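User: I am new to this structure. Could you show me how to read its features one at a time?

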Amino acid sequence: MNKENGLLEPSERIDDLLTHDLRIIQSDEVFSFSMDAVLLARFAGIPSKGKIMDLCTGNGVIPLLLSTRTKAQIEGIEIQPRLAGMAKRSVIMNELQEKIMIREGDLRELYKETGYGVYDAVTVNPPYMPLNGSDIKLNRHQAIARHEISCTLEEVIESCYRLVKPGGKINMVHKPQRLGDIMALMRQYRLEPKRLRFVHPRAHLEANMVLIEAIRDGKPEVRLLPPLIVYDDNNRYCPEIMKIYYGSEEGEV
């Protein structure tokens, strides 16, 4: 293992999360976090205390970022052993063992261990791409992160329903192309969509991400928030993205 903190395996590196002196272990050999995870961690409606579960946690970036916004106990679950191991070591590196716990396992089976309806909030950045029979030109780690190999969209949403308390919040980031399926499945599993925000790479381009918040057993009423634009005409981050990445203020995305 690398001498730095005794926490790095070969091919791994430590990256700065640019907030609260947090750092994270990453590797080019597996799926690294991207902007969608950062935006979800800021968008998510989370309690000031209680219990939060992050599904498809990957290398643990969302639990790490959520830890700056709440005193709640945060858990993450990841099916890939290597990513789960990286997440666990990142928690240790940031000395957050008392606040964050990472599980290695299948989100579809998690309720059997935790019980039903035990979390005040659930976040999830799931695989975006359904399997369509075509060849997947990615390594196994990246393929599982991007394609519905280990869980389908319906299985993710059903797991959210099983895990969250009545009145608890579900927050998800996904592709706008799947929004019809997401809304239909959420309502099928009694998760009422309440807030939507589309993310556009530039003001004149169509959205490439959507942030969704739902409440279990909530009343039908959805708010469409103003669009979030990533880049301005000079190819620089827009002020709100700069604030999310580099600013200290917290609030709704």
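Analyst: We will go through strands, salt bridges, cysteines, loops and a surface patch. Keep in mind that this is a predicted model.

User: Let us start with burial. Is strand 9 enclosed or open?

Analyst: Burial is read from relative accessible area, and under 20% counts as buried. Strand 9 covers residues 209-216, and 8 of its 8 residues are buried, so the strand is largely enclosed by the rest of the structure.

User: Which way do the residues of strand 9 point?

Analyst: They point in two directions. Met209, Leu211, Glu213 and Ile215 point one way. Val210, Ile212, Ala214 and Arg216 point the other way. Both sets are buried.

User: Which strands pair with strand 9?

Analyst: Look for bridges between strands. Strand 7, residues 164-174, pairs with strand 9 in the antiparallel sense over 6 bridges. Within that pairing, isoleucine 170 stands opposite alanine 214. Strand 8, residues 191-200, also runs antiparallel to strand 9, and 8 bridges join the two. There, leucine 191 has arginine 216 as its bridge partner.

User: Now the charges. How do I read a salt bridge?

Analyst: Side chains of opposite charge can pair when their charged atoms come close. The cut-off used here is 4 Å from a side-chain nitrogen of Lys or Arg to a carboxyl oxygen of Asp or Glu. By that rule there are 19 salt bridges.

User: What does arginine 13 pair with, and how far apart are the closest atoms?

Analyst: Arginine 13 pairs with aspartate 28, and their closest N and O atoms are 3.1 Å apart. This pair links distant parts of the chain, with the two positions 15 residues apart in numbering. Arginine 13 sits in strand 1, residues 12-16. Aspartate 28 sits in the loop between strand 2 (23-27) and helix 1 (35-43). Arginine 13 is partly exposed, at 29% relative accessibility. Aspartate 28 has 62%, so it counts as exposed.

User: What is the N to O distance between lysine 112 and glutamate 109?

Analyst: Their side chains meet in a salt bridge at 2.5 Å. Lysine 112 is exposed at 57% relative accessibility. Glutamate 109 is partly exposed at 39%.

User: Where does aspartate 232 fit in?

Analyst: Aspartate 232 forms a salt bridge with arginine 236, at 3.7 Å from N to O. Aspartate 232 is partly exposed at 21% relative accessibility, and arginine 236 is exposed at 51%. There is also a network: Lys51, Glu75, Arg103 and Glu113 are joined by salt bridges that share partners.

User: Next, cysteines. How many disulfides does the structure hold?

Analyst: The check is the distance between sulfur atoms, with a cut-off of 2.5 Å. The structure holds 0 disulfides.

User: Why does cysteine 160 have no bond to cysteine 56?

Analyst: Cysteine 56 holds the cysteine sulfur closest to that of cysteine 160, but the distance is 8.5 Å, too far for a bond. Cysteine 160 is buried, at 1% relative accessibility. Cysteine 238 is buried too, with 13%.

User: What should I look for in backbone angles?

Analyst: Most residues other than glycine have a negative phi, and most peptide bonds are trans. Cysteine 56 has a positive phi, near 55°. It lies in the loop between strand 3 (51-55) and helix 2 (61-66). Asparagine 235 also has a positive phi, about 65°. Its place is the loop between strand 11 (228-229) and helix 8 (239-246). Asparagine 235 is partly exposed, with a relative accessible area of 49%.

User: How far apart are glutamine 177 and asparagine 208, in sequence and in space?

Analyst: Compare the two separations. They are 31 residues apart in sequence and 8.5 Å apart in space, C-alpha to C-alpha. Glutamine 177 lies in the loop between strand 7 and helix 7 (179-188). It is exposed, at 63% relative accessibility.

User: Last, the surface. Which residues form a nonpolar patch?

Analyst: Look for nonpolar side chains that sit together with accessible area. Leu18, Met242 and Tyr246 form such a patch, with about 280 Å² of accessible area together. Tyrosine 246 belongs to helix 8. It counts as partly exposed, at 48% relative accessibility.

Definitions and conventions:
Residues numbered from 1 in each chain as written. Predicted model: local features only at pLDDT ≥ 70, side-chain atom pairs only at ≥ 80, totals over all residues. Heavy atoms only, no water. Buried < 20%, exposed > 50% of the residue type's maximum accessible area, 1.4 Å probe, protein only. Helix = DSSP H or I, 4+ residues; strand = E, 2+ residues; numbered from the N terminus. Pairing = 2+ DSSP bridges. Patch = residues over 30% accessible without salt bridge, like charges linked within 9 Å, V, L, I, M, F, W, Y side chains within 5 Å. Areas by Shrake-Rupley, 256 points an atom, 1.4 Å probe, with all protein chains shown as cover.
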